[in-house]
Amino acid sequence: MSTCLFCKIAAGEIPCKGIYEDEDFLAFHDIHPKAPVHALVIPKQHVDSLVEANDPVMLGQLMDRVRHVAGLLNVAAAGYRVVINVRDGGGQEIYHLHAHILGGKRLPF
Ligand code: AMP
């Protein structure tokens, strides 16, 4: 059994505040929001980080889901930020690939 937190969320073993789900992706609200809107979009299949994400189709689909979820969250018109922290140097804490969607206010650089 996986010990990965986001795998457990994807499997429904740990609850989340879900926003969107399909066969391969899941989006949910970040538990410690750093902006008025802060969501995470993950592939259900485990990939440690962007370094290991060598499937261009999956990466394209991830960005498509980010775009879709931003629309669901009503941040598309005003604009938002997409962040992928990569490994330790990039501040990645959870080693399961995920994209942050941050919005709901004008973000500082
Ligand atoms: P990162 O630093 O890019 O790995 O981001 C991990 C993010 O996951 C952080 O913003 C955390 O607040 C968030 N997080 C950690 N645990 C949970 C959880 N159980 N549900 C939702 N978000 C979480």
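## The ligand's pocket

Start with the ligand: the space it takes up is the largest pocket. Keep in mind that this is a predicted model. Two elements each give two or more residues to the shell around the ligand: helix H1 (5-10) and strand S2 (25-29). Of these, H1 gives the most, with 3 residues.

## Who surrounds the ligand

In total, 17 residues surround the ligand. The closest are Asp 30, Asn 85, Glu 93, His 98 and His 100. Sort the shell by class and you get 7 nonpolar, 7 polar and 3 charged residues.

## Polar contacts

Which residue offers a backbone N or O atom 2.7 Å from an oxygen atom of the ligand? That's Glu 93. Side chains join in too: an N or O atom in the side chain of His 98 sits 2.8 Å from a ligand oxygen, and for the side chain of Lys 34 the corresponding distance is 3.2 Å.

How much of the ligand does the protein bury? Taken alone, the ligand exposes 510 Å², and the protein buries 89% of that.

## A pair of rings

Now for the aromatic rings. Searching the whole structure turns up 1 aromatic pair. Its partners are Phe 6 and Phe 28, arranged edge-to-face, with 5.5 Å from centre to centre and 80° between the planes.

This pair ties together distant parts of the chain, as Phe 6 belongs to helix H1 and Phe 28 to strand S2, 22 residues apart. You've met both elements already: H1 and S2 are the ones that give two or more residues to the shell around the ligand.

Note on methods:
Residues numbered from 1 in each chain as written. Predicted model: local features only at pLDDT ≥ 70, side-chain atom pairs only at ≥ 80, totals over all residues. Heavy atoms only, no water. Near = heavy atom within 4 Å. Polar contact = N/O pair within 3.5 Å; in protein donor to acceptor, adjacent residues only side chain to side chain. Areas by Shrake-Rupley, 256 points an atom, 1.4 Å probe, with all protein chains shown as cover. 1 Å grid on protein atoms, 1.4 Å probe; cavity = no way out; pocket = protein on both sides within 12 Å on 5 of 7 lines; lining within 4 Å. Sits in = over half its atoms within 2 Å of the grid points. Helix = DSSP H or I, 4+ residues; strand = E, 2+ residues; numbered from the N terminus. Nonpolar A, V, L, I, M, F, W, Y, C, P; charged D, E, K, R; others polar. Phe/Tyr/Trp six-rings, centres within 6.5 Å; stacked < 30°, edge-to-face > 60°.
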